[in-house]
Each structure stands twice: as C-alpha cells, then as structure tokens.
Amino acid sequence: MIVTINGRSQVVQPEERLIDLINRSGLEVPHVCYHPQLGPIQSCDTCMVEVDGKLVRACGTMAAEGMNVVTSSPRADAAQREAFDRILGNHLLYCTVCDNNNGNCTVHNTTKLLAVEHQEIPYKPKPYEVDMSNPFYRYDPDQCILCGRCVQACQTLEVNETLSIRWEDEHPRVLWDGGAPIGESSCVSCGHCISVCPCNALMETSMLGEAGYMTSLSKPALDGMIDVVKGIEPEMGYGAILKVSEVESHMRESRIKRTKTVCTYCGVGCSFDVWTKDRHILKVEPLEGPANGVSTCIKGKFSWGHINSHDRLTKPLIREGDQFHEASWDEALTLVARRFSEIKAATGPDSLAFISSSKCTNEESYLMQKLARAVIGTNNMDNCSRYCQAPATAGLFRTVGYGGDSGSITDIEKAGLVVIVGSNTAESHPVIATRVKRAHKMHGQKLIVSDLRENEMAERADVFLHPRPGTDLIWLSAVTKYIFDNGLADQKFIDQWVNGAAEFKKSLESFTFEMASERCGLPKETLTKVAHMIAEANGVCILWAMGVTQHSMGSDTSTAISNLLLATGNYMKPGTGSYPLRGHNNVQGASDHGAMPNFFPGYQEVADPAIRAKFEKAWNVQLPPKPGLDNHMMIDAIHEGKLKAMYLFGEEMSLVDSNANFVGDALTKLDFFVVQEIFFSETCQFADVILPASPSLEKEGTFTSTERRIQRLYQALEPLGESRPDWIIIQDIANRLGAGWKYEHPSQIYDEIAALTPLFAGVTYERLEGYKTLQWPVAEDGSDQPLLYTKNFYFPDGKARFYPVPWSEPTDQQDAQYDLHLNNGRLLEHFHEGNMTYRTEGIREKTPCTFVEVSPDLAGERGIQTGSWVQLTSRYGKVKAQAVITTRVQGKELYMPMNSTDEAVNRLTSSHTDKVTHTPAYKETSVQLRVLGEIGEDPLPRTNSRHGHPTPQTGVEVERKWKRKDYRQPGDHLVQIQNARP
Ligand code: SF4
Ligand code: SF4
Ligand code: SF4
Ligand code: FES
C-alpha cells in the first residue's frame, strides 16, 4: 500500500496509523496526546494534517491506499498552531524552574518544534488546588493540558478505572474516583498516568525540588521567577526563554544519571530507567520495556526505600554469644572459609548446604552452585522455587518437556480466553493482570477465574469458580473428560502431537461432573459452560500460581492444567499455552542456572555421567554424582544432626518456609550458619556470620522473568558502605577455599554458563545490551524462542505426553477443633513478608500491617468487626491479627496476607508438602479463631486503594469534549473562510 506524504511515496505497514507513518518517515508533526502504547486519544488536535484536501487528525486516521497527505500546508500548519495555542492556555511555560525540564517534556518540545514565540490565548489558571494527598505523586491542575493521556492509561491500559475528565464541567480537570482526593481514591499508585503525562502536571514527589538547579527554591522565590518569565515573554518571545531552559536542562545531564534496570520484585520482568542524583532516586521511568512497555506497579515504580534505608547492613557481622560484632571483610571471610573447611573435613561435604537467592542474579546463582559442587563437593543446593514454583515446573516436565511458560505475555494478550487458576494476578503479578484486564475490557477476551477469594480478577471474570479448597485438580480433570466425551477435543492435534491419549482418557473415568460437582461444590451447569468456553475459544492461555502449587497435589494439579491444554490443542500456536506465573524477579533464573539439588544449569542432570564429565572437565574437579538435599530435606537433615553448616543468601528462610517455628528450631541447631543479606533479617538472628550484600541497583547481572526472558541490569549506584555484590562475595569465599576463580565482571561468568549450557548457548552480554532481551532456549546464533513449542515438544520423539493424575484429599484438614480454612498470599503493596517494601514510607502509610480477612457470615456468627483483634491457632503455632470483614472470602474460609515478620502466617502452616517436589502445602492449613475482645482501627487505612470507588468508562471519551458548546475543531474557521470565498 502506497501513500504520498508531502509529494513523496511511502510504503504503509499493515494497520498503520497516519501519525506512525509520518513519524516513521522522519517528518515532524506535533502530536501531544498521541502515545503509541495508548492508541489515539484525539483530544489535543495538534496533529492536524491535510488528507486529500481535508483536515484530519493524523493520530485518528488509518493510512489508506492512495492517500495524498500534506503535513505542513498553510491550513494544516494554522490548525496545528491553533490547537497548540489552546494547550498553552492551560499551561505555564516556566521550564527553567520546572522539575520536568529534562529534555523529554512534550509541551516544551512542541513549543520548540512549532517555534512558538507568543501565545494568542492567554494562560488561565484553573480554580483548583494542587493535590498532594498521595505519598508518591502530585497533580497540579494549573499545569494540566487536559490531553487525557493519564485517563486513557488508567482506564484502558492499567484498567484500574480511577481517572476521568468530566468534559461537561466549566473548568474540566482530571478527577480521581469522580472527584475524591488522590490519597482517598481507588488509585493503586501504579504510576501509569505519571509515566505517560506529557508535562509536569503529574509528577513523582521524589522529583519535586530535586531535579532542577533552581527548583528547590522556596515557593515565593519560584513564583517571583515565574513572574519574571511571564513579564519578559511579550517582548522577548518564547524562543529566547526556551534557550535558557535548554542550557539548564543540559546542565542537569551531568548530575542526573539514567540507568536501565529490571524490577527486583515479581517475576513479570518489568524493565525501566532509574533516574538517580548521587544516591537520591529521582524516579523510575518505564519507556519500552519488552515485558511492560510503560507499565509498572506500585512496587516497581515507587518501592525503592530499601536502597538507602538507614538500617542497611554495611559491615560484616560475627556472632559473639547473643550479640554480633562488626568485623572486617578479611576477618569474616577467613572465618567462613576456615569453618567450611573444618566441617567438610570432619563430617564430609554433604554436611554442608547452600541456598541461593531468587532475588539475585543468574550469575550469582551459577557461582553459588559452582561453589557447592566444585569447591565443597556437594549437591545440597536449592533456591526458593522449592517454596512456590517447583510443582509447576514438574507438571510441565511431565507433559511438554520444558519447565517454563510456553509463550510470552503477548500471547496472553492475544488469547480468546484466559483461565486463571489459584492466582491473585492483579496483586501478585500486576502488570500481567493489566494485559488481561485490557484485553477483556477492550478486545472481547473472555476470562474464567478459579479461586477461593473473589479477588479483582474474579470480579471481572465472565465465570468465577469457587471450588472447595484443594479441589482444582478435580474440576480440571472433569472438564477434560467432558471435552473428550463430547467430541470437543482437538483430535487432529492429539494424533499428531500427544502420546498416551488412551491411557489418559481411561484415567479420567472417575472424574464425572457428578463427582466434580459434589467434591468441588460447583454446579454441573457451570462446569458445562466452562468446558464449552475452553473447547470453543480461539486460543486458551491458562495462568496459575501458588493457589495451585502450594498444595500437597501442586505438581499433579499443574499436570492436569497442561493435560487440559493438550486435549484442546492449546499449545504450539500464538495466543495459547501454559503460564505458571513465577513469583520472584529471578525465581525462574535461579533454577535455570543450576541452584537445584539435581540439576546443573539448563536442567542438565547431575546424575548423568556424560553431563558430569563435561562440567568436571570445565571446572577441573571431581563432582558428586548423587542429587543433593532440597530446602525441605535440609531442615529435616539439620534436625537429624546430619547437616552441620549452611550458607544462604538473599532469602528469608526462617519466615518464608512453612511451619516457621520448626524451621527456626532447626536453624538454631546448625554448627555454622552464614547469611548474606542487605538487612538484618529474621533469618540473620540465627547466623554466625552475616555478610552485607548489595541490592539490584548496586550491581550488574541478568534476571530471567516468568516468560523466560533474560534481561540485563546495570549498576546505578555504588554499593553502600562496605556492602558488596553477592557474586564478588561468593567468589571471595571460593578463592579462600582454593578455587582460583578470576571473574572480573558478570559477563565473564555468563560466557562460562553459555559455553556449558545448551539452553543458553547463544546468550551474550552484547546480545542483551540495553533493552535487548532473549527468551530461552537461545541457539548459538542468538536466535531465541518467544513461543516455546513451534516445531516440537521437548521430548526425544518431539511429542508431548498426557500424564494421568489421581486426586487425593488435602492435608491438614478441618475438624471440630481447627474448624476454619486459612488461605494466604501476597498483597499488592508488599512483596512477601515486606523486608524491602516496608522500608518505603508511602507503602507503610497505605498498608501498615497484616490482617485477616473474615467473611460477613463468619463475622456475624462470631461477633467480629473490622478492626477486632483475633488469635488464630493452628496445629503448629499461633498468630494475632486484626480482622477485615470482606465478601472477598466466603463462609469458613479466612485469608491472611504474608506481609508480617512479627505475626508471620507461616507460624501457622504445616510441614506437609507436595509429594513430588516437597513444596510446602501452605494453602492447606486449618485454624481455630479466638476473638480477643479488643477492637482497633481498620488495619487498612482510609488511604488504602481498597476503600476507593472506581469510575469505569471506555477511555477519555473525547466525543464529550467535542460536544461542548465552546469546542471548535482547529482550522475549521479557515475552511469556512475558504468556503465563503466567491
Ligand atoms: S491507578 Fe492511580 S497511578 Fe495508576 S494510572 Fe490510575 S490514577 Fe494513575
Ligand atoms: S494530568 Fe493527564 S490530562 Fe493533564 S496533562 Fe497530564 S496526562 Fe494530560
Ligand atoms: S513487581 Fe512485578 S509487576 Fe510490579 S513493577 Fe515489578 S516486575 Fe512489574
Ligand atoms: S495527537 Fe492527534 S489529536 Fe492529539
């Protein structure tokens, strides 16, 4: 398709907007409200061009064959200028003293592009105050140009539906929940609106008074300078004023550093630039992250208080009785090396164990397992995927071969139907949730949610299933059986690609809808509807998380999910597949890079002599042939006196492992315990030596996100105090034990990984430069696989396998004494127990403590109110918390988030595990509840987003603006004048 622009032919790409084509052609046309990731908003009118003699908005027009486009005709130019003049009526150009004067302000840059010297429509302030009620950002109505980008982002990309503009008002402004203070609205502080705002109307509070050279002046002084600017504008014009602001903007470049990094919290893998001035974090700026675009959640955007927290560990500590004394690095590392050597000599290498961090880098996990295997000589090596993700990996190993998401986040967006099982996606993986919410709201995607709680995704779902706890495997298998029995299976796909159909179908015999309905408590009609939705959808993606995996049948239920996808042919195509949502930022990478008891990096078996020989040759050592202990077995081995020493980094084991009291007892029995951390965590209390490490912003390396995406993070800050990056500390210990490692940069570690690991053969730091990423497996030539199975499944014959799974009763069942079911999980604002997130003041303000959700029925029965203190007692421990009465939970089911170290929910959970992987059955916990009689405030303060009242609408709804009596399309009067001419 060919379009002529300003007399030159341009080839059009499929479904290309005129504005994108113009930009691609290198021509400069103003476009203030258009943002490619938001689509056309059409509110600013600055992109007017002439098409075949008519004025149109370039952002709202699709390029079409034969169009004759003129971007700078007198009419188009006049229309663009008129539109921008109206914008300047809403915005004071005080750039030199503005914190947004950083070279990327759209209003500033458009003023320059159009060479505006004077404005026709004078600036007029709006009759509203600046809103500072949110701890993270402010809204200044006087600077707001009413472009609507923020509204579009909130309504159609984040889909939190907080923002709107009431175009009918005399003085429209952006509204939160229709007119509430930001801090009391439904705003979840995700930051989308701020990231897309084209000027300084929405700004991070961390930028205010910090970014510019003169922006920290007092308000009267600033107002005075602004008045001076206004005063000289009529005489000098904006050109001269902008020149001054550009000099100031250039000066900022020398003191503001922008560093690409990857989020340190969940497994979505959001990447962004972090802006720093010395150690001050000015802001996080998401631009074009391959996983997230401009999206973030409250944690990635704002939760960085841990970096400069006053209680960071900055010196090594050594235990002295019940106290710790500060030590030099040399003293601490010498002690570690000496004790490891002594214990190895006395009780053998298998009396030591190593736990890697799924918050740290791939290179660090690789070095930790190399230390365990090659230097100490043990396979006692694990990471916290044992606590969450191992069952999903096992289910995928059984059925399709690789233990990773079978596609990308873009596939989830494309699917005709998304099924979410046991995942509170909107709070645990918020940016993935935005993609589902957007597709559901804007593009007709269907959504089924199975969960114990009516969380946000459940509220939005077309079908919400609330099965009895621990029965997901049953309904999944029953739906699969129904699909087979009713000829709805994808037989062609099965014949070509899946082994074991006959045996599998037989294994489903007992999973009738009658049985499922009785066991799960789900109506047969609902199951029938679900089966048809899945069988008939144009592409199904199933997303699942801890609500599935943290059960005694976690691996089997994960297997049942994959079986269902195979039966319906939902692999090997875009918009299909299995998506276990990885919890930590690098939980996928830690396992991928060998922090497991039975695998070298890339899931190469330690028990395989040929594989072992390869690593022995490369590392020049003899390696232990027997798989080692996993986390769960390590705790038992300590209690049994077999395990004497442990080295753990970046992991709050004493609280995140199930049955925390039992784990704590074990840790006191260790002869020698080394903990490497950024804070004095609860686990540090059990340590003999504590080594101060550096968080993500203080080091380089790579993380691997849930979609198998390997991404580089760059160092933004120097390590604080004497803290050091984990890879340097691990190397130091290895070398004191005689290893002779000489890594000077993490890239050298990755070169070694790539040489030894077919899964990562083509990964190099050059190929990951900046925002470039690779999704494993990566072939030697650097080609990767966003969609995992395209030509075959990962088994010797290239075919997938149905894997029959029976159902068994959950563990730790209710009885007369422990009569309530306790579910647990994350909260949006906090990551796990809150070790890092509580160190950000605004997060503490919004979510200060833990609580327990109680259903209205149970609350009525037991006389509980929101704020009532209750004690929960399980067969393993007890905790105290305040109640929140909510319809999110039903009947005798309770929910407690994990965000507490004092009253940690894992004091209640058991030592029962998934049979296959030893992942604790955290979600199978029975408790009794005692009302303590005291009633306090609502543990969720008024400023928590849950108290807000969203105002859903389709987007900015610009048509309402066009209906205003005072609205006239720019350039219209020129057309009228022209038409009026004889
Ligand atoms: S939820 Fe809040 S921060 Fe996020 S886009 Fe909406 S208004 Fe902005
Ligand atoms: S606050 Fe919203 S409407 Fe106002 S300028 Fe920023 S993005 Fe545009
Ligand atoms: S916590 Fe997860 S969703 Fe939020 S910004 Fe980080 S990676 Fe993205
Ligand atoms: S960019 Fe086209 S109307 Fe704003």
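**Exercise 1. Classify R24 and its partner by burial, and describe how the two meet.**

Step 1. R24 has a relative accessible area of 42%, so R24 is partly exposed. The classes are buried (under 20% relative accessible area), exposed (over 50%) and partly exposed in between, with a 1.4 Å probe and protein chains only.

Step 2. E16 has 6% relative accessibility, so E16 counts as buried.

Step 3. The side chains of E16 and R24 form a salt bridge, 2.8 Å from N to O. A salt bridge is a side-chain nitrogen of Lys or Arg within 4 Å of a carboxyl oxygen of Asp or Glu. Side chains of opposite charge can pair when their charged atoms come close.

Note on the model: it is predicted, so local features need pLDDT of at least 70 and side-chain atom pairs count only at pLDDT 80 or more, while totals for chains, interfaces and linings use all residues. Residues are numbered from 1 along each chain as its sequence is written, chains are lettered from A and ligands numbered from 1 in the order in which they are written, and side-chain values use heavy atoms, with hydrogens and water left out.

**Exercise 2. Place the salt bridge of R312 in the chain.**

Step 1. R312 pairs with E698, and their closest N and O atoms are 2.9 Å apart.

Step 2. R312 sits in the loop between α7 and β13 (317–320), and E698 in the loop between β27 (689–692) and β28 (701–704), so the pair ties together parts 386 residues apart in sequence. Helices (H or I, at least four residues) and strands (E, at least two) are DSSP runs, numbered from the N terminus.

Step 3. Check burial. R312 is buried at a relative accessible area of 5%. E698 is buried at 0% relative accessibility.

**Exercise 3. Find a salt bridge within one helix, then a network.**

Step 1. R338 and E342 meet in a salt bridge at 3.0 Å, N to O.

Step 2. Both residues lie in helix α8 (residues 329–347), four residues apart, about one turn of the helix.

Step 3. R338 is partly exposed at 43%. E342 is partly exposed at 34%.

Step 4. Elsewhere, salt bridges that share partners join E161, K437, K441, E456 and R460 into one network. The count of salt bridges comes to 46.

**Exercise 4. Which side chain of opposite charge is nearest to R373, and which backbone oxygens lie by its side chain?**

Step 1. R373 lies in helix α9 (residues 362–376).

Step 2. R373 is buried yet has no salt bridge. The nearest side chain of opposite charge is D382, 8.5 Å away. Lys and Arg count as positive and Asp and Glu as negative; His and the chain ends are not counted.

Step 3. Look at the backbone. The oxygen of M596 lies 2.4 Å from a polar atom of the R373 side chain. The backbone oxygen of F599 lies 3.1 Å from a polar atom of that side chain.

**Exercise 5. Describe the shells around ligands 1 and 3.**

Step 1. Ligand 1 is surrounded by Y137, C154, N160, L163, W176, C187, V188, S189, C190, G191, H192 and C193. A residue is near a molecule if one of its heavy atoms lies within 4 Å of it.

Step 2. The ligand 1 shell has eight nonpolar, four polar and no charged residues. Ala, Val, Leu, Ile, Met, Phe, Trp, Tyr, Cys and Pro count as nonpolar, Asp, Glu, Lys and Arg as charged, and the others, Gly among them, as polar.

Step 3. Zoom in on S189. S189 lies in the loop between β8 (174–176) and α5 (192–196). Its phi is positive, about 55°, although S189 is not a glycine. S189 is buried at 1%.

Step 4. Residues around ligand 3 include C263, C266, C270, C297 and K299. Helices α7 (298–302) and α13 (430–443) each give two or more residues to this shell. By class, the ligand 3 shell has eight nonpolar, two polar and one charged residues.

**Exercise 6. Is T557 buried or exposed, and which residues does T557 contact beyond its sequence neighbours?**

Step 1. T557 lies in helix α21 (residues 554–567). At 6% relative accessibility, T557 is buried.

Step 2. Leaving aside neighbours within four places in sequence, T557 contacts D472, L473, L476 and V548. Contact means heavy atoms within 4.5 Å.

Step 3. T557 and L473 are 84 residues apart in sequence and 4.7 Å apart in space, C-alpha to C-alpha.

Note on methods
Polar contact = N/O pair within 3.5 Å; in protein donor to acceptor, adjacent residues only side chain to side chain.
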